[in-house]
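Trainee: Please take a close look at one part of this model, the surface that faces one of the DNA strands. Start with how the protein copies are arranged, then go through the contacts.

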Protein chains: 2
Amino acid sequence: MNNKNKTFIDKLRSSGLRPTNQRVEISKFLFNRKKTFHFTVEELKNSMNLKRSKKISTATFYNTVHALKSAGHLKEFSLENNTSYYDTNITSHHHFFDNGKVIDIKSDKITFQKLPEAPKGKKIKNVEVVIRLENNN
Amino acid sequence: MNNKNKTFIDKLRSSGLRPTNQRVEISKFLFNRKKTFHFTVEELKNSMNLKRSKKISTATFYNTVHALKSAGHLKEFSLENNTSYYDTNITSHHHFFDNGKVIDIKSDKITFQKLPEAPKGKKIKNVEVVIRLENNN
DNA sequence: ACATACTTTAGAATAATTATAAAGTAGTTA
DNA sequence: TAACTACTTTATAATTATTCTAAAGTATGT
Ligand SMILES: [Mn+2]
Ligand SMILES: [Mn+2]
Ligand SMILES: [Zn+2]
Ligand SMILES: [Zn+2]
């Protein structure tokens with residue numbers, strides 16, 4: 001096991017999961033990439049299982065994604081279609097939504113001139129912006 | 001039929017729907033209020049049917065809400081729980097999300113110092129902010 | 001090897017939503 | 001008004017995303 005595998009395994013261990021084959025493959029698939037990955041569990045399952053003779057079960061995908069999310073290695077978000085999306089970029093950041101396509105906007109690309117106060121008894125956890133796009137013309 | 005009913009009926013007609021009893025009641029329930037109403041179809045159905053002897057069917061709730069939404073009388077949005085929410089405030093505006101509770105923030109309460117350009121070939125349709133809240137301490 | 005704890009998986013169950021098709025209602029025409 | 005037509009409501013079935021369950025598999029410690 002090389003050094004790189006270690007980080008995938010660490011994410012599993014810190015999520016309370018033993019690094020089984022299935023889980024390590026899922027973790028690699030999710031985190032072994034340069035760019036942010038936005039996905040649904042179904043998309044993840046289909047794209048990973050397409051290439052495999054021995055399929056990983058739906059339950060394992062859901063369990064693994066949930067554990068990674070609970071441990072803070074994935075963030076959950078929502079489009080307007082009753083499905084959960086997950087984001088490998090766990091920092092607070094913004095998005096372009098372009099007809100179902102999701103693109104990250106780094107946090108420092110948007111700054112505020114004016115923001116409201118939190119209601120009393122509450123404080124602000126984070127502020128995230130969605131910029132919805134449409135085609136020119 | 002008084003002047004007020006007319007606006008509920010107009011919303012139905014402009015959504016391509018005949019103003020049947022069921023639809024007029026739904027439209028009144030949605031739009032006959034001072035404050036913005038954020039709801040799921042199930043919530044709408046349960047709160048309206050609770051008071052009624054003759055229940056309105058699930059399909060009628062879904063059909064009516066969808067038609068009102070398509071005509072632009074309702075806006076759809078999503079929390080992180082695979083259910084569609086609807087908003088009687090159809091203007092572009094912002095929200096506080098506070099553990100499942102949704103509160104409107106008027107558009108002019110948030111202004112930007114810096115915003116990214118739209119990718120080429122695209123333009124910005126709208127910019128909406130979610131401020132997530134947590135309890136103090 | 002045996003015990004124990006954790007894991008994977010197929011399949012059942014649930015929740016939100018959408019589709020279907022029969023029965024009801026309304027508007028129009030003869 | 002009777003007949004015709006188009007639209008509507010509803011119960012129910014189907015679908016989709018997700019969660020649950022329980023049996024069979026795997027790993028680890030003694
Ligand atoms: Mn759904
Ligand atoms: Mn769901
Ligand atoms: Zn992102
Ligand atoms: Zn709102």
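Mentor: In chain A, 100% of the interface residues are also interface residues in chain B, so the two copies meet through the same surface. The model is predicted. Chain A is superposed on chain B by a rotation of 180 degrees with 0.0 Å of shift along the axis, at an RMSD of 0.1 Å. The copies are therefore related as by a two-fold rotation axis.

Now to DNA strand D. There are 17 residues around this strand, and those that come nearest are Tyr62(A), His66(A), Arg18(B), Thr20(B) and Arg23(B). By class, the residues of this surface are five nonpolar, eight polar and four charged. On the DNA side, sugar or phosphate accounts for 85% of the strand D atoms within 4 Å of the protein, and bases account for the rest.

Some of the phosphate contacts can be given atom by atom. In chain B, a backbone N or O atom of Ser57(B) is 3.0 Å from a phosphate oxygen of strand D, and a backbone N or O atom of Lys55(B) is 3.4 Å from a phosphate oxygen of that strand. Thr60(B) uses its side chain: an N or O atom there lies 3.4 Å from a phosphate oxygen of strand D. As for secondary structure, the elements that supply two or more residues to the surface near strand D are helix H4 (58-70) of chain A, and helix H2 (21-31) and helix H4 (58-70) of chain B. H4(A) gives the most, with three residues.

Methods: Residues numbered from 1 in each chain as written. Chains lettered and ligands numbered in written order. Predicted model: local features only at pLDDT ≥ 70, side-chain atom pairs only at ≥ 80, totals over all residues. Heavy atoms only, no water. Near = heavy atom within 4 Å. Polar contact = N/O pair within 3.5 Å; in protein donor to acceptor, adjacent residues only side chain to side chain. Helix = DSSP H or I, 4+ residues; strand = E, 2+ residues; numbered from the N terminus. Nonpolar A, V, L, I, M, F, W, Y, C, P; charged D, E, K, R; others polar. Least-squares fit on C-alpha atoms with pLDDT ≥ 70 in both. Contact = heavy atoms within 4.5 Å.
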